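Open the model in a viewer with residue selection ready. The stops below go from one element to the next and say what to find at each.

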Amino acid sequence: MTTVAAHATQIGLDVSEATLRQQPTVPSCDANNECCLVQIYPPDVVEGMLLLEQDEFEIGRSPDCDLPLFDNSVSRQHAKLIRGQDGYQIRDLGSTNGTMVNETSIQCDRNLESGDTVRIGSFLFRFLSADSIETQYHETVYNALTRDALTGAMNKRFLMESMDREISRSTRAKLEMSVVMLDIDHFKSVNDTHGHLAGDDVLRTFGQRIQSLCRADDILARYGGEEFCLLLAATGREDALEIAERCRSTIADTPFQTSVGPLEITASFGVSISDPERPQTAKELLEAADQQLYNAKNSGRNQVRG
């Protein structure tokens, strides 16, 4: 196993254009179908890229595995990658929590294609093949710097940079903009009662449902833990409250399918509005939305305040 951390020293420090221009040289893969695994969740770009060189590559909690993952969600011998004439296959080794490819549990050996995601317990990897590794490497690293891999939402750093740009644009155009803070109700009890894998299922589905309601210019970001933020450009209070209510409804009306079965999930929402005549900073808008979220929580949860 060869790590390619040395090629990614600058990655993860900044998402500015200058940093992206400093992306490292990608190790080349030869005709022997050498491939890479990229750890994309939890995000760990610097140490997360592994060049697959051997014919069999075992992943598990045991320190004797080729890739040891020291987490209780991972079995001691969890899964194995096996190189064949047509590339790599993945095999589950009777793990407790199963092995998933593209979020589907595998029941037998599964061929891996470049770009496939592989879930081992609470860890998420992307498999890249030799014929496309350079292109997809840069795309994967960029996404790791800007997007939360578990939920599909953008990350907090991307949100803050986008907010500063949108505030400037809205002020020049004299348009309102809205910020919505979203928080999953009683999420800690989901983790404590059902485990972190079920919690990950909830976070992933939550991101998918909210994203499905977003318009082209809306930005959904994971702010931290179970808290998210919606940035709504050119959107006043009435429309923002309506969008937040639609989001609340889509979360509460249908149970979330998880590894432990369906769970009833609700969320609370706080809305703040930027007045172009008296522009606020990103921090002020977030604090105002967070105060409204606090009001929603204190008023019984599963509601919109703003």
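## First stop: a bridge in a sheet

Select isoleucine 90 and look across to β10, where its bridge partner is arginine 110. The strands concerned, β7 and β10, are antiparallel and share two bridges. Strands here are DSSP runs of E with at least two residues, helices are runs of H or I with at least four residues, and both are numbered from the N terminus. Two strands pair if DSSP finds at least two bridges between them.

The model is predicted, so local features need pLDDT of at least 70 and side-chain atom pairs count only at pLDDT 80 or more, while totals for chains, interfaces and linings use all residues. Residues are numbered from 1 along each chain as its sequence is written, and side-chain values use heavy atoms, with hydrogens and water left out.

## The rest of that sheet

Now show the strands in the order β5-β4-β6-β7-β10: this is an open sheet of five strands with mixed pairing. At its edges are β5 (67-68) and β10 (110-111), each of which pairs on one side only.

Select β7 (residues 87-92) together with β6; six bridges join these antiparallel strands. They form a hairpin with two residues between them. For a single pair to display, take arginine 83, which stands opposite tyrosine 88 in β7.

Move on to β4 (residues 56-60), which runs antiparallel to β6 (residues 79-84) and is joined to it by four bridges. Isoleucine 59 is found opposite alanine 79 in β6.

## A cis peptide bond

Go to tyrosine 41 and proline 42, which are joined by a cis peptide bond with omega at about -10°. Proline 42 sits in the loop between β2 (35-41) and β3 (49-52).

## The second five-stranded sheet

Select β14, β15, β13, β18 and β19, which in that order form an open sheet with mixed pairing. Each of the edge strands, β14 (219-224) and β19 (304-305), has a single partner strand, so one side of each is left without a neighbour in the sheet. Inspect β13 (residues 177-184) against β18 (residues 267-274): the two are antiparallel and pair over eight bridges. Here valine 179 faces serine 272 in β18.

Add α3, which packs on the sheet and touches β13, β14 and β15 (227-232); its direction makes about 130° with that of β14. Contact means heavy atoms within 4.5 Å. Axes are lines fitted to C-alpha atoms, for helices over the stretch in contact, and angles run from 0 to 180 degrees between N-to-C directions. Then add α5 (residues 196-213), which lies across β13, β14, β15 and β18 and runs at about 155° to β13.

## Two helix pairs

Two packed helices are described by the angle between their axes and the distance between the axes.

Which residues of α3 meet α7? First select the helices, α3 (residues 156-173) and α7 (residues 282-298), whose axes come within 9 Å and cross at roughly 105°. That makes α3 roughly perpendicular to α7 (65 to 115 degrees). On the α3 side, Met160, Met163, Asp164 and Ile167 meet Ala282, Leu285 and Leu286 of α7. This contact has six nonpolar residues, no polar and one charged. Ala, Val, Leu, Ile, Met, Phe, Trp, Tyr, Cys and Pro count as nonpolar, Asp, Glu, Lys and Arg as charged, and the others, Gly among them, as polar.

Next select α4 (residues 187-194) with α5; their axes are 7 Å apart and the packing angle is about 140°. Phe187, Val190, Asn191 and His194 in α4 meet α5 residues His196, Ala198, Gly199, Val202 and Leu203. By class, this contact has five nonpolar, four polar and no charged residues.

## Two positive phi values

Select lysine 174, in the loop between α3 and β13. Its phi is near 55°, positive in a residue other than glycine. Lysine 174 counts as exposed, at 54% relative accessibility.

Asparagine 302 lies in the loop between α7 and β19. Its phi is also positive, about 55°, although it is not a glycine. Asparagine 302 is partly exposed, with a relative accessible area of 28%. Buried means under 20% relative accessible area, exposed over 50%, and partly exposed in between (1.4 Å probe, protein chains only).

## Zooming out

Show the whole protein: seven helices and 19 strands. Of its 306 residues, 51% count as buried.

Technical notes. Parallel < 35°, antiparallel > 145°, perpendicular 65-115°, else oblique.
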